[in-house]
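Here are a few exercises to work through with the model open beside you. Try each task before you read its solution.

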Amino acid sequence: MSPLTATDMTTTPARLGRLSAGLAGLTGWRRLLAAAGFGGLATLALPPADAVPVLLIAFPGLLWLLDGARTKRQAFAVGWFFGFGHHLLGLYWISAALFTDIERFWWALPLSAAGLPILLAMFTGGATLLAWTLRGRGLGRGLGKVFLFAASWALFEWLRGHVFTGFPWNLIGYGWTGVLPVLQGVSLIGIYGLSLLTVLVASLPASLADATVPRRRAWGALAAGLALFAALGAWGGLRLAGASDATVPDVRLRLVQPAIDQRLKWAAGERARNVQQQMELSAAPSTEPITHVIWAETAVPLFLDQDARLRQALGSVTPPGGLLITGVPRMEAGPEGEPLYYNSLAAVDGSGAVTGRFDKFHLVPFGEYMPLRRWLPVGAIAGNGAEFSAGPGPVSLDLKGLPPVSPLICYEVIFPGAVLPAGEDGAARPRWMLNLTNDAWYGNTAGPHQHFAIARTRAVEEGMPLVRVANTGISGVVDSHGRVTAMLPLGYRGVVDAALPEALPTPTLYGQVRDGAFGLLLLTCFAVGLRARHRR
């Protein structure tokens, strides 16, 4: 790219001014369709596309559309349609889960395809409504509107990740998972903080079309924003250059990815065969001695506690002196004798004894339990009609031959700041995270790629390695800086043997203050935006 000339600095604002005026002048369905289009464009910034530069178009476009809003209803509608387009394309893959048994769950197809984007778009609508309201009367132009918009967006992203059990999927900051030096920033400010800075800088081109902002100031603000990410990337590069490659001594993991089709996973005539396939993969020769074998979520689709022969069979492929760690369903009697089901992890030793257990604590609404059972008299989708109960967590689990681990099943890994136990409670602080999952529900879609990227981010935030084992992929080992040291790609059947990386000697800044740094950034952006409005 050639450097900007004086002519560029003169003509670019004029062209953008015409574009912004055209967008602000749109009304009715044209404005809403444009908002949905910009929202869909922003989806390309996220995995697996990772095209972050499109945000320099999507967010200025949204701001220019917002400039044309004259009422609170219009301001909310612009954001809602942006969010609907964004989540409609970003979460299309969720509907793929229903096709594993479409005859039973056909009724849920429109709810998953459009219902979830409709609900999630409420948060985006709330962000634009708040930003529009805080800007005061008129169009509220100036750099202050950019700060108010970025802060409002980040606040509602945080709310989306917490209210109604939370769904912090596809936060804007995840666009940087393909740029590892920049992703190091989450070790300081977390994914919400990185999202805030990303939206702030991506929105700055909107000020180039603002006649109330001097050109030099507008160009200077944009240059400063880009320089901020260049500096963040440089710092991240230095952090990676100094990263240790140390691994836990005397630990060698085998990750088993059987790539079993979801339609066959629970079929009555296939369950024993599926377990046998994984036993054969576990017993395959290795170049170095294996100490622990790890299978995916519900890799054993049978009640292990009630089947001594099955436990003995699993023990036969457990490494000498080590463990086989697998996902299993678990059933126990409730207070009144009713059956309670859990999505669990079990550790089996060579004798077939279960020496460690963990129950999933953050269940998937509609997938593992039905939150609206009064109105939807059907069972959970993932449980074949049965509903799961939640276990206690997060926890630190001590397993033979391994450092203390924080186990996480499926989408428990997507919640920032909630993947490690909050207090010690006498237990040793975990030294690694283990994520068992089953993305076979979603086939060859964007979902498994997004899930892996999100899990990878947790490792950088916490400064702690993460081992991920998935039925159909993506399985792998991620070190404390987010570097992938071993991986099995999506849809591949096989095993990968890997060492367990060491955790950082001390927690990251984010690991110590959690969202405190993000909160400080958020308040700063609101303060800058409100002060700019007052001065104007």
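**Exercise 1: the second largest cavity**

The second largest cavity of this predicted model is lined by Leu304, Asp305, Val328, Pro329, Arg330, Ala346, Val354 and Arg357. Find which elements give two or more residues to this lining, and sort the lining by class.

Solution.
- Start with the elements: strand E3 (323-333) and strand E5 (354-359) each give two or more residues.
- Next, see which gives the most: E3 does, with three residues.
- Then sort by class: the lining holds five nonpolar, no polar and three charged residues.
- Finally, add the volume, which is about 30 Å³.

**Exercise 2: the largest cavity**

Which elements give two or more residues to the lining of the largest cavity?

Solution.
- Begin with the search of the whole structure, which finds two cavities of 30 Å³ or more.
- The largest cavity holds about 90 Å³ of space.
- Its lining includes His86, His87, Phe123, Trp153 and Arg160.
- Helix H4 (72-90), helix H6 (109-134) and helix H7 (143-160) each supply two or more lining residues.
- By class, the lining has five nonpolar, four polar and two charged residues.

**Exercise 3: an open sheet**

Work out which strands stand at the edges of the five-stranded open sheet.

Solution.
- Write down the order, E6-E7-E8-E9-E10, and note that the pairing is mixed.
- Strand E6 (405-409) and strand E10 (484-488) have a single partner strand each, so they stand at the edges with one side lacking a neighbour in the sheet.
- Look at one pair: E9 (residues 475-478) runs antiparallel to E10 over four bridges, and Ser475 faces Leu488 in E10.

Terms used: Residues numbered from 1 in each chain as written. Predicted model: local features only at pLDDT ≥ 70, side-chain atom pairs only at ≥ 80, totals over all residues. Heavy atoms only, no water. Pairing = 2+ DSSP bridges. 1 Å grid on protein atoms, 1.4 Å probe; cavity = no way out; pocket = protein on both sides within 12 Å on 5 of 7 lines; lining within 4 Å. Points joined across faces, edges and corners; volume = space filled by probe spheres on them. Nonpolar A, V, L, I, M, F, W, Y, C, P; charged D, E, K, R; others polar.
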